[in-house]
Each structure stands twice: as C-alpha cells, then as structure tokens.
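Please open the model in your viewer, with the chain drawn as a cartoon, and follow the stops below.

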Amino acid sequence: MEGMVEVVNDPRLLHAATVHVPVAAALLGVPLVAWFALRGGRDGALRWTVVALYLGLAAAAFLAERSGAGARALLGDVAPAGRALVERHARLAGWVGYLA
C-alpha cells in the first residue's frame, strides 16, 4: 500500500503508471464499436460497456496528461536531445484521440 501512495504522489511514477491505459482503451474501443454497429445497436449491455470504456479512456487520458505535465515540470535541465524526445512523446499522445 505504501508503494501505491508513492506512485500517486510522484507525477513521474503516476504518469508511467497511467499513460498506457488510454492507449489500450482506444485500441479496444474500435472493435467494440464495430461489433456494436454490426449488431444493429440493439445490445444494451454492449452499449453501456462501450460508454464505460470511453468514459474510462477520457478519465485516464486526463490523468495521464496532467501527470505528464507534472513530470515535465520536474525535468529541470535536460540536454536538447532529451527535451526533443519529451516533446515528441507529448505529440504522440495527441494521436490517442484519433485512435478513439
């Protein structure tokens, strides 16, 4: 339990723990939406599963973005190549919305 508290209190660890959740949810969401559409949109349980998945995706993406901003603020003095890598990482995160 102490380790979990440490993760929540450190933006770098929190970002590392949460950043892949929206990516996975986006990748799972596409086939679920397709399956829902193929079934004619009549399956209520599947509908709410898709809604819950995308609400979870939105919450996880928000948490990942906020913790990423906090982690970036803790970087301090970084070589230009490192700074470029962080900026590329932030740009790639923008693609999650297109996957969803």
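Begin with the whole chain, which reads α-α-α-α-α-α along the sequence, its helices being DSSP runs of H or I of at least four residues, numbered from the N terminus. The radius of gyration, taken over C-alpha atoms, is 17 Å, well over the 13 Å that the globule rule gives for 100 residues, so the chain is more spread out than a compact globule; that rule is 2.2 Å times the number of residues to the power 0.38. This is a predicted model, in which local features need pLDDT of at least 70 and side-chain atom pairs count only at pLDDT 80 or more, while totals for chains, interfaces and linings use all residues. Residues are numbered from 1 along each chain as its sequence is written, and side-chain values use heavy atoms, with hydrogens and water left out.

Next, select Ser67, which is found in helix H4. Ser67 is buried, with a relative accessible area of 5%, where buried means under 20% (1.4 Å probe, protein chains only). Show its side chain, and you will find a polar atom of it 3.1 Å from the backbone oxygen of Ala64. Then add Pro11, Leu14, His15 and Thr18, with which Ser67 is in contact when its neighbours within four places in sequence are left aside; contact here means heavy atoms within 4.5 Å.

Finally, with helix H4 (44–73) still in view, add helix H3 (20–38), helix H5 (80–93) and helix H6 (96–99), since these are the elements that give two or more residues to the lining of the largest pocket. A pocket is an open set of points on a 1 Å grid where a 1.4 Å probe fits, with protein on both sides within 12 Å along at least five of seven lines, and lining residues have an atom within 4 Å of a point.

How values were computed: Buried means under 20% relative accessible area, exposed over 50%, partly exposed in between (1.4 Å probe, protein chains only). A polar contact is a pair of N or O atoms within 3.5 Å; within protein, one must be able to donate a hydrogen and the other to accept it, and residues adjacent in sequence count only if both atoms are side-chain atoms.
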